[in-house]
Amino acid sequence: MNYTQRTRRGVLALGGAVALSGCAGRLSGNGDGDPSAEDGVAVESVSLLLNWNMGGLHTPYVAARENGFYEEEGFTDVEFESGDGSDFAANQAGLGNTEFAISSGDQILAVNSNELSPRAVGIVMQRNPNVVFADREEFGELSDPEQLEDVTVGSGPGMVRTMTEAYLAHHDLLDTVEYVDAGFDTVQQLLAGEIDVAGGVFSDVVDARHQDREIDVLEIEDAVSSYGHLITTDESFAEENPDTVEAFLRATARGAVWAAQNPDEAIDHLVDVQPELEETRENQADKWEEMYTGYMLSETVETEGWGASAPEPWEETHDVLADGDALENEVDPADVWTNDYLDSEDEYVAEFADRIDE
(Lines give C-alpha, C1' and ligand atoms only; values in the text may rest on other atoms or scores of the structure.)
Protein backbone atom coordinates (compact mmCIF):
# COMPACT_ATOMS: atom_id res chain seq x y z
CA MET A 1 0.00 0.00 0.00
CA ASN A 2 1.27 3.45 -0.88
CA TYR A 3 0.97 5.44 2.34
CA THR A 4 1.40 8.79 0.58
CA GLN A 5 -1.79 8.12 -1.40
CA ARG A 6 -3.92 7.23 1.61
CA THR A 7 -6.84 9.51 2.33
CA ARG A 8 -8.10 10.69 5.68
CA ARG A 9 -10.61 8.14 6.97
CA GLY A 10 -12.95 9.95 9.27
CA VAL A 11 -10.56 11.31 11.88
CA LEU A 12 -12.66 12.98 14.58
CA ALA A 13 -11.68 15.44 17.22
CA LEU A 14 -13.15 14.56 20.58
CA GLY A 15 -15.42 17.53 20.29
CA GLY A 16 -16.40 16.97 16.64
CA ALA A 17 -15.05 16.53 13.13
CA VAL A 18 -11.58 17.86 12.30
CA ALA A 19 -10.09 18.16 8.84
CA LEU A 20 -6.47 17.28 9.48
CA SER A 21 -5.31 18.70 6.17
CA GLY A 22 -6.20 22.10 7.55
CA CYS A 23 -3.49 21.74 10.19
CA ALA A 24 -0.64 21.63 7.71
CA GLY A 25 -0.19 25.37 7.59
CA ARG A 26 0.59 25.44 11.32
CA LEU A 27 3.58 23.14 11.14
CA SER A 28 6.20 25.65 10.08
CA GLY A 29 6.54 27.23 13.53
CA ASN A 30 8.43 30.51 13.55
CA GLY A 31 10.55 29.47 10.61
CA ASP A 32 13.92 29.58 12.33
CA GLY A 33 13.48 26.99 15.06
CA ASP A 34 14.66 29.44 17.73
CA PRO A 35 11.72 30.67 19.79
CA SER A 36 12.39 33.55 22.14
CA ALA A 37 12.44 32.87 25.86
CA GLU A 38 9.33 35.00 26.44
CA ASP A 39 7.35 32.99 23.87
CA GLY A 40 8.27 29.66 25.50
CA VAL A 41 7.48 27.49 22.50
CA ALA A 42 7.49 28.30 18.81
CA VAL A 43 4.15 26.58 18.15
CA GLU A 44 1.73 27.29 20.99
CA SER A 45 -1.32 25.47 19.63
CA VAL A 46 -0.74 21.84 18.70
CA SER A 47 -2.75 18.73 17.93
CA LEU A 48 -2.13 15.22 19.21
CA LEU A 49 -3.56 12.56 16.92
CA LEU A 50 -4.36 9.44 18.94
CA ASN A 51 -3.94 6.00 17.48
CA TRP A 52 -7.58 5.08 18.22
CA ASN A 53 -10.50 6.49 20.17
CA MET A 54 -9.58 7.85 23.56
CA GLY A 55 -9.33 5.30 26.37
CA GLY A 56 -7.33 4.29 29.41
CA LEU A 57 -4.09 3.95 27.44
CA HIS A 58 -4.20 7.69 26.70
CA THR A 59 -4.35 8.73 30.34
CA PRO A 60 -0.91 10.47 30.46
CA TYR A 61 -1.82 13.03 27.80
CA VAL A 62 -5.17 13.84 29.37
CA ALA A 63 -3.50 14.21 32.78
CA ALA A 64 -0.88 16.55 31.31
CA ARG A 65 -3.48 18.77 29.71
CA GLU A 66 -6.12 18.80 32.44
CA ASN A 67 -3.53 19.53 35.14
CA GLY A 68 -2.09 22.42 33.15
CA PHE A 69 1.30 20.82 32.51
CA TYR A 70 1.21 21.63 28.78
CA GLU A 71 0.10 25.15 29.61
CA GLU A 72 3.00 25.61 32.00
CA GLU A 73 5.34 24.68 29.14
CA GLY A 74 3.87 27.48 27.01
CA PHE A 75 1.12 25.74 25.04
CA THR A 76 -2.13 27.66 24.76
CA ASP A 77 -4.01 24.68 23.32
CA VAL A 78 -3.39 20.94 22.96
CA GLU A 79 -6.17 19.37 20.93
CA PHE A 80 -6.76 15.62 21.06
CA GLU A 81 -8.00 13.97 17.89
CA SER A 82 -9.33 10.42 17.63
CA GLY A 83 -7.42 8.27 15.19
CA ASP A 84 -7.76 5.31 12.87
CA GLY A 85 -4.86 3.10 13.84
CA SER A 86 -1.14 3.46 14.46
CA ASP A 87 -0.48 3.21 10.72
CA PHE A 88 -2.73 6.17 9.99
CA ALA A 89 -1.23 8.17 12.85
CA ALA A 90 2.33 7.60 11.63
CA ASN A 91 1.30 8.49 8.11
CA GLN A 92 -0.38 11.74 9.16
CA ALA A 93 2.64 12.74 11.23
CA GLY A 94 4.92 12.03 8.26
CA LEU A 95 2.70 14.11 5.98
CA GLY A 96 2.89 17.04 8.42
CA ASN A 97 -0.87 17.02 9.03
CA THR A 98 -0.55 16.96 12.81
CA GLU A 99 2.19 18.20 15.12
CA PHE A 100 2.23 15.05 17.24
CA ALA A 101 0.74 11.57 16.97
CA ILE A 102 0.59 8.32 18.93
CA SER A 103 1.88 5.41 16.88
CA SER A 104 4.02 2.29 17.36
CA GLY A 105 7.49 1.12 16.41
CA ASP A 106 6.35 -1.15 13.59
CA GLN A 107 4.34 1.57 11.88
CA ILE A 108 7.10 4.16 12.18
CA LEU A 109 9.36 1.71 10.32
CA ALA A 110 6.69 0.88 7.75
CA VAL A 111 5.88 4.50 6.93
CA ASN A 112 9.56 5.47 6.74
CA SER A 113 10.06 2.64 4.26
CA ASN A 114 7.66 4.47 1.95
CA GLU A 115 9.46 7.82 1.75
CA LEU A 116 7.85 9.71 4.63
CA SER A 117 9.79 10.77 7.72
CA PRO A 118 7.85 10.47 10.97
CA ARG A 119 10.35 10.28 13.81
CA ALA A 120 9.82 8.55 17.13
CA VAL A 121 10.78 11.19 19.70
CA GLY A 122 9.45 9.62 22.91
CA ILE A 123 8.69 6.00 23.77
CA VAL A 124 5.67 5.62 26.06
CA MET A 125 5.35 1.80 26.08
CA GLN A 126 8.83 0.41 26.51
CA ARG A 127 7.78 -3.23 26.10
CA ASN A 128 6.04 -5.11 23.31
CA PRO A 129 2.29 -4.89 24.11
CA ASN A 130 1.41 -7.93 22.00
CA VAL A 131 0.41 -11.11 23.79
CA VAL A 132 -0.94 -14.61 23.15
CA PHE A 133 -3.78 -15.52 25.49
CA ALA A 134 -6.37 -18.17 26.23
CA ASP A 135 -9.53 -18.63 28.27
CA ARG A 136 -8.77 -21.16 30.99
CA GLU A 137 -12.34 -22.44 31.00
CA GLU A 138 -12.15 -23.35 27.32
CA PHE A 139 -8.46 -24.16 26.88
CA GLY A 140 -7.14 -25.14 30.27
CA GLU A 141 -4.21 -23.39 31.90
CA LEU A 142 -1.81 -21.89 29.34
CA SER A 143 1.70 -21.55 30.74
CA ASP A 144 4.10 -22.68 28.02
CA PRO A 145 4.31 -21.95 24.28
CA GLU A 146 4.65 -25.68 23.59
CA GLN A 147 0.96 -25.98 24.45
CA LEU A 148 0.15 -24.05 21.26
CA GLU A 149 1.03 -26.98 19.03
CA ASP A 150 -1.92 -28.09 16.84
CA VAL A 151 -4.34 -25.44 18.14
CA THR A 152 -6.41 -22.85 16.30
CA VAL A 153 -4.94 -19.38 16.76
CA GLY A 154 -6.84 -16.27 15.75
CA SER A 155 -5.93 -12.61 15.64
CA GLY A 156 -6.75 -9.41 13.87
CA PRO A 157 -4.72 -8.12 10.92
CA GLY A 158 -1.65 -5.93 10.86
CA MET A 159 1.05 -5.92 13.49
CA VAL A 160 -0.85 -8.14 15.90
CA ARG A 161 -0.77 -10.92 13.34
CA THR A 162 2.83 -10.20 12.35
CA MET A 163 4.00 -10.32 15.96
CA THR A 164 1.95 -13.42 16.78
CA GLU A 165 3.39 -15.23 13.78
CA ALA A 166 6.89 -14.14 14.76
CA TYR A 167 6.31 -15.52 18.26
CA LEU A 168 5.09 -18.85 16.88
CA ALA A 169 8.01 -19.01 14.44
CA HIS A 170 10.45 -18.30 17.29
CA HIS A 171 9.14 -21.40 19.05
CA ASP A 172 8.99 -23.50 15.82
CA LEU A 173 5.20 -23.66 16.03
CA LEU A 174 4.05 -21.64 13.04
CA ASP A 175 3.63 -24.67 10.79
CA THR A 176 1.75 -26.66 13.45
CA VAL A 177 -1.13 -24.25 14.17
CA GLU A 178 -4.24 -23.39 12.23
CA TYR A 179 -4.11 -19.62 11.88
CA VAL A 180 -7.36 -17.73 11.25
CA ASP A 181 -8.17 -14.06 10.80
CA ALA A 182 -10.43 -13.06 13.67
CA GLY A 183 -10.83 -9.50 12.41
CA PHE A 184 -11.66 -7.03 15.16
CA ASP A 185 -13.72 -9.56 17.13
CA THR A 186 -10.87 -11.63 18.52
CA VAL A 187 -11.86 -11.48 22.19
CA GLN A 188 -15.46 -12.54 21.59
CA GLN A 189 -14.42 -15.35 19.27
CA LEU A 190 -12.04 -16.62 21.94
CA LEU A 191 -14.65 -16.49 24.69
CA ALA A 192 -17.20 -18.20 22.43
CA GLY A 193 -14.79 -21.08 21.80
CA GLU A 194 -14.51 -20.32 18.07
CA ILE A 195 -10.73 -20.14 18.39
CA ASP A 196 -8.51 -21.87 20.93
CA VAL A 197 -5.95 -19.11 21.45
CA ALA A 198 -5.87 -15.43 20.54
CA GLY A 199 -3.16 -13.04 19.49
CA GLY A 200 -3.76 -9.50 20.64
CA VAL A 201 -2.52 -6.77 22.98
CA PHE A 202 -2.69 -6.56 26.75
CA SER A 203 -5.76 -4.31 26.64
CA ASP A 204 -7.64 -7.19 24.95
CA VAL A 205 -6.84 -9.31 27.97
CA VAL A 206 -8.32 -6.64 30.23
CA ASP A 207 -11.49 -6.67 28.11
CA ALA A 208 -11.74 -10.46 28.37
CA ARG A 209 -11.22 -10.45 32.12
CA HIS A 210 -13.97 -7.87 32.50
CA GLN A 211 -16.30 -10.52 31.14
CA ASP A 212 -15.58 -12.66 34.20
CA ARG A 213 -13.18 -15.02 32.47
CA GLU A 214 -9.86 -16.33 33.75
CA ILE A 215 -7.28 -15.50 31.09
CA ASP A 216 -3.74 -16.87 30.85
CA VAL A 217 -1.14 -14.88 28.95
CA LEU A 218 2.13 -15.54 27.11
CA GLU A 219 4.07 -12.33 26.44
CA ILE A 220 5.47 -11.89 22.94
CA GLU A 221 8.11 -9.59 24.47
CA ASP A 222 9.82 -12.77 25.67
CA ALA A 223 10.58 -13.64 22.04
CA VAL A 224 10.44 -10.34 20.13
CA SER A 225 11.38 -7.01 21.68
CA SER A 226 9.46 -4.07 20.22
CA TYR A 227 8.09 -0.66 21.24
CA GLY A 228 4.39 -0.03 21.72
CA HIS A 229 2.83 3.43 22.01
CA LEU A 230 5.22 6.24 21.19
CA ILE A 231 5.08 9.92 20.33
CA THR A 232 5.99 10.81 16.78
CA THR A 233 6.33 14.00 14.78
CA ASP A 234 7.59 14.84 11.33
CA GLU A 235 11.36 15.07 11.13
CA SER A 236 11.29 18.57 9.62
CA PHE A 237 8.88 19.88 12.27
CA ALA A 238 11.17 18.65 15.03
CA GLU A 239 14.25 20.16 13.41
CA GLU A 240 12.55 23.53 12.97
CA ASN A 241 10.89 23.55 16.40
CA PRO A 242 13.14 21.65 18.83
CA ASP A 243 11.99 23.61 21.90
CA THR A 244 8.35 22.85 21.09
CA VAL A 245 9.04 19.13 20.88
CA GLU A 246 11.11 19.15 24.08
CA ALA A 247 8.39 21.04 25.93
CA PHE A 248 5.67 18.65 24.77
CA LEU A 249 7.68 15.64 25.89
CA ARG A 250 8.49 17.18 29.28
CA ALA A 251 4.83 17.87 29.98
CA THR A 252 3.81 14.39 28.82
CA ALA A 253 6.38 12.73 31.10
CA ARG A 254 5.06 14.81 33.99
CA GLY A 255 1.52 13.77 33.09
CA ALA A 256 2.53 10.10 33.11
CA VAL A 257 4.13 10.44 36.55
CA TRP A 258 1.11 12.26 37.97
CA ALA A 259 -1.34 9.74 36.50
CA ALA A 260 0.64 6.80 37.92
CA GLN A 261 0.75 8.43 41.36
CA ASN A 262 -2.92 9.47 41.21
CA PRO A 263 -4.68 6.79 39.14
CA ASP A 264 -8.22 7.44 40.40
CA GLU A 265 -8.00 11.17 39.78
CA ALA A 266 -6.41 10.49 36.39
CA ILE A 267 -9.40 8.40 35.34
CA ASP A 268 -11.67 11.20 36.63
CA HIS A 269 -9.96 13.52 34.15
CA LEU A 270 -10.31 10.93 31.38
CA VAL A 271 -14.05 10.60 31.95
CA ASP A 272 -14.46 14.37 32.20
CA VAL A 273 -12.89 14.74 28.76
CA GLN A 274 -14.68 11.72 27.24
CA PRO A 275 -17.93 11.29 29.25
CA GLU A 276 -19.08 8.11 27.50
CA LEU A 277 -16.15 6.29 29.13
CA GLU A 278 -18.05 6.44 32.44
CA GLU A 279 -19.80 3.23 31.36
CA THR A 280 -16.46 1.41 31.16
CA ARG A 281 -14.66 3.34 33.86
CA GLU A 282 -13.33 0.29 35.72
CA ASN A 283 -12.12 -1.24 32.47
CA GLN A 284 -10.25 1.95 31.51
CA ALA A 285 -8.72 2.17 34.99
CA ASP A 286 -7.47 -1.42 34.74
CA LYS A 287 -5.94 -0.75 31.32
CA TRP A 288 -4.09 2.26 32.66
CA GLU A 289 -2.88 0.32 35.71
CA GLU A 290 -1.64 -2.52 33.51
CA MET A 291 0.14 -0.01 31.30
CA TYR A 292 2.00 1.95 33.97
CA THR A 293 2.88 -1.07 36.10
CA GLY A 294 3.94 -3.37 33.27
CA TYR A 295 4.86 -1.47 30.14
CA MET A 296 6.37 1.95 30.86
CA LEU A 297 9.59 0.92 32.59
CA SER A 298 12.70 -0.70 31.16
CA GLU A 299 16.45 -0.78 31.67
CA THR A 300 16.66 2.06 29.17
CA VAL A 301 14.30 4.19 31.26
CA GLU A 302 16.22 3.32 34.41
CA THR A 303 19.48 4.58 32.90
CA GLU A 304 18.42 7.24 30.39
CA GLY A 305 15.03 8.45 31.56
CA TRP A 306 11.47 8.52 30.28
CA GLY A 307 10.86 8.23 26.57
CA ALA A 308 14.30 6.99 25.54
CA SER A 309 14.84 4.55 22.70
CA ALA A 310 17.49 1.86 22.57
CA PRO A 311 18.67 0.41 19.23
CA GLU A 312 17.83 -3.25 19.86
CA PRO A 313 14.00 -3.12 19.86
CA TRP A 314 14.05 -1.14 16.62
CA GLU A 315 16.41 -3.65 15.04
CA GLU A 316 14.31 -6.63 16.15
CA THR A 317 11.09 -5.04 14.90
CA HIS A 318 12.74 -4.21 11.60
CA ASP A 319 13.85 -7.79 11.16
CA VAL A 320 10.35 -9.12 11.86
CA LEU A 321 8.83 -6.72 9.33
CA ALA A 322 11.48 -7.44 6.71
CA ASP A 323 11.03 -11.19 7.11
CA GLY A 324 7.28 -10.72 6.68
CA ASP A 325 7.66 -8.53 3.57
CA ALA A 326 5.89 -5.72 5.43
CA LEU A 327 8.28 -2.96 4.31
CA GLU A 328 7.81 -1.19 0.99
CA ASN A 329 11.53 -0.41 0.71
CA GLU A 330 14.58 -0.92 2.88
CA VAL A 331 14.88 1.40 5.86
CA ASP A 332 17.65 1.76 8.40
CA PRO A 333 16.06 1.31 11.85
CA ALA A 334 18.60 3.71 13.33
CA ASP A 335 17.18 6.53 11.20
CA VAL A 336 13.57 6.46 12.45
CA TRP A 337 14.06 7.43 16.10
CA THR A 338 15.93 9.97 18.17
CA ASN A 339 16.49 10.80 21.83
CA ASP A 340 17.66 14.31 20.98
CA TYR A 341 14.47 16.02 22.17
CA LEU A 342 14.34 14.40 25.60
CA ASP A 343 15.40 16.84 28.31
CA SER A 344 17.80 14.80 30.43
CA GLU A 345 17.88 17.55 33.06
CA ASP A 346 14.12 17.58 33.60
CA GLU A 347 13.12 15.90 36.86
CA TYR A 348 10.15 14.01 35.39
CA VAL A 349 12.17 12.72 32.45
CA ALA A 350 15.40 11.89 34.27
CA GLU A 351 13.78 10.55 37.46
CA PHE A 352 10.76 8.90 35.85
CA ALA A 353 11.52 5.36 37.04
CA ASP A 354 11.91 6.50 40.66
CA ARG A 355 8.89 8.77 40.60
CA ILE A 356 6.50 6.27 39.04
CA ASP A 357 7.31 3.83 41.86
CA GLU A 358 6.61 6.35 44.63
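1. Secondary structure and overall burial. The protein has 16 helices and 12 strands in this predicted model. Of its 358 residues, 57% count as buried. The exposed surface comes to about 14,800 Å², with carbon and sulfur atoms supplying 39% of that area. Among contacts with a separation of 6 or more, 80% are between residues 24 or more positions apart.

2. The largest nonpolar core. In soluble globular proteins, nonpolar side chains tend to be buried together. Here the largest nonpolar core has 67 residues, and Ile231, Phe248, Met296 and Trp306 have the most contacts inside it. Helix α10 (residues 242–261) gives this core its largest share, 11 residues. A second core, separate from this one, has 36 residues, including Leu109, Leu148, Met163 and Leu168.

3. Phe248. Which residues are in contact with Phe248, leaving aside its neighbours within four places in sequence? They are Val46, Leu48, Tyr70, Phe75, Val78, Phe100 and Ile231. Ile231 and Phe248 are both listed among the residues with the most contacts inside the largest core.

4. Strand β12. This strand covers residues 230–234, and 5 of the 5 are buried, so β12 is largely enclosed by the rest of the structure. Both of its faces are covered. Leu230, Thr232 and Asp234 are buried on one side, while Ile231 and Thr233 are buried on the other.

5. Partners of β12. Strand β5 (residues 100–103) pairs with β12 in the antiparallel sense over 3 bridges. In that pairing, Ile102 has Ile231 of β12 as its bridge partner. Strand β6 (residues 118–123) also pairs with β12 in the antiparallel sense, over 5 bridges. Thr233 in β12 stands opposite Arg119.

6. Helix α10. The 20 residues of α10 reach 29 Å from the first C-alpha to the last, close to the 28 Å expected at 1.5 Å a residue. Is the helix mostly covered or mostly uncovered? It is mostly covered, with 15 of the 20 residues of α10 buried.

7. Trp258. This residue lies in helix α10. Its relative accessibility is 19%; the limit for buried is under 20%, so Trp258 counts as buried. Not counting residues up to four places away in sequence, Trp258 touches Ala63, Asn67, Phe69, Glu265, Ala266 and His269. Ala64 is 194 residues from Trp258 in sequence, yet their C-alpha atoms are 8.2 Å apart in space.

8. Helix α12, length and buried side. The helix has 14 residues (281–294), which should span 20 Å at 1.5 Å a residue; the end C-alpha atoms are 20 Å apart, in agreement. Its buried residues are Asn283, Gln284, Lys287, Trp288, Met291 and Tyr292. These residues cover an arc of only 160 degrees around the axis, so they sit on the same side of α12. The face turned away from that buried side carries the exposed residues Glu282 and Thr293.

9. What α12 packs against. Which helices meet the buried residues of α12? The buried residues of α12 pack against α1 (59–66), α8 (202–209), α10, α11 (263–273) and α16 (352–356). Helix α10 thus appears in two places in this note: α10 supplies the largest share of the largest nonpolar core, and α10 is one of the helices packed against by the buried residues of α12.

Notes:
Residues numbered from 1 in each chain as written. Predicted model: local features only at pLDDT ≥ 70, side-chain atom pairs only at ≥ 80, totals over all residues. Heavy atoms only, no water. Core = buried A, V, L, I, M, F, W, Y, C linked by side-chain atoms within 4.5 Å. Buried < 20%, exposed > 50% of the residue type's maximum accessible area, 1.4 Å probe, protein only. Helix = DSSP H or I, 4+ residues; strand = E, 2+ residues; numbered from the N terminus. Contact = heavy atoms within 4.5 Å. Pairing = 2+ DSSP bridges. Areas by Shrake-Rupley, 256 points an atom, 1.4 Å probe, with all protein chains shown as cover. Expected span 1.5 Å × (residues − 1). Arc of directions from axis to C-beta.
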